[in-house]
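Student: Could you take me through one part of this model closely, choosing a place where two helices pack together, and then set that part in its wider surroundings?

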Amino acid sequence: MEELLEVLEKNSRLSAKEIGIMLGRSEEEVQDAIKKYEDDNTIAGYTTLVNWERTGKEAVTALIEVKVTPQRGEGFDKVAERIYRFPEVKSCYLMSGGFDLTVIVEGKTMKEVALFVAEKLAPLEAVLSTATHFVLKKYKDKGTIFEEKPKDDREAIFI
Amino acid sequence: MIIKNMIRENVYKFPPSGIRKYFDLINEMQDVISLGIGEPDFVTPWNVREAGIYSLEKGHTHYSSNAGYIELRREISSFVDRKYDLSYNPKDEILVTVGGSEGIDIAIRALAGPGDEVVIPEPSFVAYKGCTAFTGATPVTINLRNEDEFKLTPELLEGAITEKTKVVILPFPNNPTGAVMSREELAKIVEVLKDKDIFVISDEIYSELSYGGKHVSIASFPEMKDKTLVINGFSKAFAMTGWRLGYACGHKDLISQMNKIHQYAIMCAPTTSQLAAIEALKSCDDDVEEMVKEYNRRRRVLVNGFRSIGLDCFEPKGAFYVFPSIKSTGLSSEEFCERLLKEQQVLVIPGNAFGDCGEGFIRACYASSMENINEAINRIGKFLEGLCINS
């Protein structure tokens, strides 16, 4: 039932009944599969994709390149955990290439993010250096283009 | 001077498409949900559009060879091989056309003329009959039946063939019914045709949109290969309707004659479209698969929707159309469509627009968003309730 995950990833508000019809399965089968995926954490949660720029809410996002020293016996995982446990950190990835971790941080203001880097992230013992890049504009996020509301401009009748 | 007397009779007398009146109606209305469209709602994948833009930037704005760029023909050859086990030489067995439609037109022109008969199973795409009539040949229609799920049966085919038959059109996966032909069902058709000097024009434009298993081409039967012309194109599989690009694959002796007509009438298919299509064939398998999956989900929702509001419909296994029967309402197809449009602002196409035997059915297209499909079903449900109350 991998297609179930694809469907939910696009629209998690669909009911089990609706998904059942789409996939040619019964409502119960879909419910059971969702339960199973939730239990084993394949479905890790449900969220809404918000274009905050359209609201009055102040928010800034920063992408921080972090170089760290891996810890004996634990590699990068332990260091990463020290970092991703902070609620300000929205995403955290281990990278190949010129630095080790990509840390995506959200805050209300640039100052708040800067303070987080200066006071929480940079002082960590394993952190060697950080480079903070602030996001100026989000064009596309999680596969969705924000500025574009798809419009159907096809001729209404065509045979 | 009476102009119409100066126009050829078989053009002048051929009836115009029966759906014109809906254009006028729909222009005055708001909030219409159209399931009357016959093209994908997806936009051409970005990498294909980008390839088209790049070709313009590079100044590729000239003619290609008449038959189409050889690189494109090579990609077509490899595509039909890996998808449908069909082997065609890109040099002289493939012709790139302006949509599948041009291929149909010039194939019929190459194969039939006054005194000849072209067998056309209906309901089907309206162009076959028109193109046949314009050549002066006689269209001989076969009335496909709901109880056969609108598949062509050997008995029906046999009944339509005469000594004058030059061409049989095989329109599967079918617009408007969504019917497909399996290998076993095609084998019975092959039995009828294999010893006859009759060409098959197999219009497989919807081949990628097959939901019950892999599409089978009649050309994959060795005894039919030489006398089958396969028509296909980019419109449906790659969501490229506006690019107007298709292709025909067949025996080199037919392709060369079609190329002659093509050369004088068209010169060559649009260059930008051809260069974009190379990209489509090279790297869009995943995009096509995603689109097909989405169509399949919508298909189930629309079939289930019609059944839940009491309209009987068989399960279509191809294209993007559902063809429910509206006989239980007591309305004709045209009355149904006109009243549905006026009363609930939903547009579907009367089945008889695709041949007389489509009377009593409507064509609804699911190349539309899931929200539109659900809302359309809602409204058609209300419309049916209104009919019950009034009667």
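Tutor: In this predicted model, helix α2 (residues 16–23) of chain A packs against helix α3 (residues 27–39) of chain A at an angle of about 110 degrees, and the axes of the two helices are 8 Å apart. Because angles of 65 to 115 degrees count as roughly perpendicular, α2(A) and α3(A) are therefore described as roughly perpendicular to each other. The crossing in which α2(A) passes α3(A) is right-handed. On the side of α2(A), the contact is made by Ala16(A), Lys17(A), Ile19(A) and Gly20(A), while α3(A) contributes Glu27(A), Glu29(A), Val30(A), Gln31(A) and Ile34(A). Sorted by class, the residues in this contact of α2(A) with α3(A) are 4 nonpolar, 2 polar and 3 charged.

As for the wider setting, chain A is divided into domain 1, covering 2–39, and domain 2, covering 55–136. Between the C-alpha centres of domain 1 and domain 2 of chain A there is a distance of 35 Å.

Turning from the fold of chain A to its partner, the contact between the chains takes 11 residues from chain A and 21 residues from chain B. On the side of chain B that touches chain A, α2 (20–27) and α11 (285–308) of chain B each supply at least two residues, and α11(B) gives the most, with 5 residues. By class, that side of chain B has 11 nonpolar residues, accompanied by 5 polar and 5 charged ones.

Conventions:
Residues are numbered from 1 along each chain as its sequence is written. Chains are lettered from A and ligands numbered from 1 in the order in which they are written. This is a predicted model: local features need pLDDT of at least 70, side-chain atom pairs count only at pLDDT 80 or more; totals for chains, interfaces and linings use all residues. Two residues are in contact if their C-beta atoms, placed from the backbone, lie within 7 Å. Helices (H or I, at least four residues) and strands (E, at least two) are DSSP runs, numbered from the N terminus. Ala, Val, Leu, Ile, Met, Phe, Trp, Tyr, Cys and Pro count as nonpolar, Asp, Glu, Lys and Arg as charged, and the others, Gly among them, as polar. Axes are lines fitted to C-alpha atoms, for helices over the stretch in contact, and angles run from 0 to 180 degrees between N-to-C directions. Angles under 35 degrees count as roughly parallel, over 145 as roughly antiparallel, 65 to 115 as roughly perpendicular and the rest as oblique. A crossing is left-handed if the near helix is turned anticlockwise from the far one by less than a right angle, and right-handed if clockwise. Domain bounds come from an automatic or database domain assignment.
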